[in-house]
Amino acid sequence: MIATNDDYIYVIVALMPLSACMLVFQVNPFHALVIRGILGAVSALIYSILGAADVALTEALVGTLLAISLYAIAVRSSLVLRLGVLEDEVKHEAHSDPDFGPLLEKLRTIFAKRYMRLELVPYTNTQALHRALIEKEIHATCIPSEFRVPDSSQYEAERQPYHTATRVKRIYEIMEAELWSRGTTLDYVNTLDDIATNVTKPALEEQHS
């Protein structure tokens with residue numbers, strides 16, 4: 001009687017619950033797609049080793065290839081950039097504001113190339129905008145420059161009609177590289193640091209509360 005070493009089978013089988021747990025606890029949708037593909041490949045391999053070739057083929061074609069394709073389309077189509085703005089600015093866009101309207105169109109064009117929709121989230125005042133950015137309710141803010149406290153003479157020299165700030169480093173890099181409009185200045189906000197310098201003027205906040 002010839003003894004066979006089937007330990008590799010147990011190792012492969014152990015990869016299935018391991019990859020499943022990684023998939024459940026993954027928060028990044030694109031990483032989850034990769035892990036889902038790994039889970040499907042491991043499942044198909046196990047089925048083929050155990051002699052279920054038909055189930056392995058079904059898993060490879062439907063459970064892996066088709067499912068991953070549909071998930072990828074769903075994830076790409078659901079990407080949204082939430083931009084916090086003042087309620088007054090939303091009204092200005094409807095009346096073809098000469099600065100705000102073109103700026104939003106430029107942002108929509110930039111992120112549409114990355115399959116992202118621009119969603120405007122109106123707030124009553126800049127204090128609420130700032131709090132929403134820190135609490136990660138929105139990805140970025142866009143406010144008139146007069147509502148931001150100048151922090152240097154350089155800022156005064158480069159003053160633009162609007163000021164845009166984002167807490168997402170990648171979004172900041174994209175806008176910095178492709179936002180050629182002279183209608184806004186850009187800032188990256190680290191939500192872990194004290195960003196008191198970005199707090200708006202109290203007097204102006206009261207006017208918009």
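This briefing covers three helix pairs and one pocket. The model is predicted. Two packed helices are described by the angle between their axes and the distance between the axes. The pairs here are α1 with α2, α2 with α3, and α5 with α8. The pocket is the largest one, with a volume of about 250 Å³.

**Helices α1 and α2**

- Helix α1 spans residues 7-24, and helix α2 spans residues 29-49.
- Their axes lie 9 Å apart, and the packing angle is about 150°.
- That angle makes α1 roughly antiparallel to α2, because angles over 145 degrees count that way.
- The crossing of α1 past α2 is left-handed.
- On the α1 side, the contact uses Tyr8, Ile9, Ile12, Val13, Leu15, Met16, Ser19, Ala20, Met22 and Leu23.
- On the α2 side, it uses Ala32, Ile35, Arg36, Leu39, Val42, Ser43, Leu45, Ile46 and Ile49.
- By class, this contact of α1 with α2 holds 16 nonpolar residues, two polar and one charged.

**Helices α2 and α3**

- Helix α3 covers residues 53-77.
- The axes of α2 and α3 come within 8 Å and cross at roughly 175°.
- The two helices are therefore roughly antiparallel to each other.
- Their contact has 15 nonpolar, six polar and three charged residues.

**Helices α5 and α8**

- Helix α5 runs over residues 100-112, and helix α8 over residues 169-178.
- Their axes come within 11 Å, with a crossing angle of roughly 115°.
- So α5 and α8 are roughly perpendicular to each other.
- The crossing of α5 past α8 is right-handed.
- From α5, the residues that meet α8 are Lys106, Leu107, Ile110 and Phe111.
- From α8, their partners are Ile171, Ile174, Met175 and Glu178.
- The classes in this contact of α5 with α8 are six nonpolar, no polar and two charged.

**The largest pocket**

- The lining includes Phe30, Arg76, Leu79, Val80, Arg114 and Met116.
- His139, Val168, Arg170, Ile171 and Ile174 also line this pocket.
- Helix α8 gives the largest share of the lining, three residues.
- Ile171 and Ile174 appear in the pocket lining and also in the contact of α8 with α5.
- Seven lining residues are nonpolar, one is polar and three are charged.

How values were computed: Residues are numbered from 1 along each chain as its sequence is written. This is a predicted model: local features need pLDDT of at least 70, side-chain atom pairs count only at pLDDT 80 or more; totals for chains, interfaces and linings use all residues. Side-chain values use heavy atoms; hydrogens and water are left out. Axes are lines fitted to C-alpha atoms, for helices over the stretch in contact, and angles run from 0 to 180 degrees between N-to-C directions. Helices (H or I, at least four residues) and strands (E, at least two) are DSSP runs, numbered from the N terminus. Angles under 35 degrees count as roughly parallel, over 145 as roughly antiparallel, 65 to 115 as roughly perpendicular and the rest as oblique. A crossing is left-handed if the near helix is turned anticlockwise from the far one by less than a right angle, and right-handed if clockwise. Contact means heavy atoms within 4.5 Å. Ala, Val, Leu, Ile, Met, Phe, Trp, Tyr, Cys and Pro count as nonpolar, Asp, Glu, Lys and Arg as charged, and the others, Gly among them, as polar. On a 1 Å grid over the protein atoms alone, a cavity is a set of points where a 1.4 Å probe fits but cannot get out, and a pocket is an open set with protein on both sides within 12 Å along at least five of seven lines; lining residues have an atom within 4 Å of a point. Grid points are joined across faces, edges and corners, and a volume is the space filled by probe spheres set on the points.
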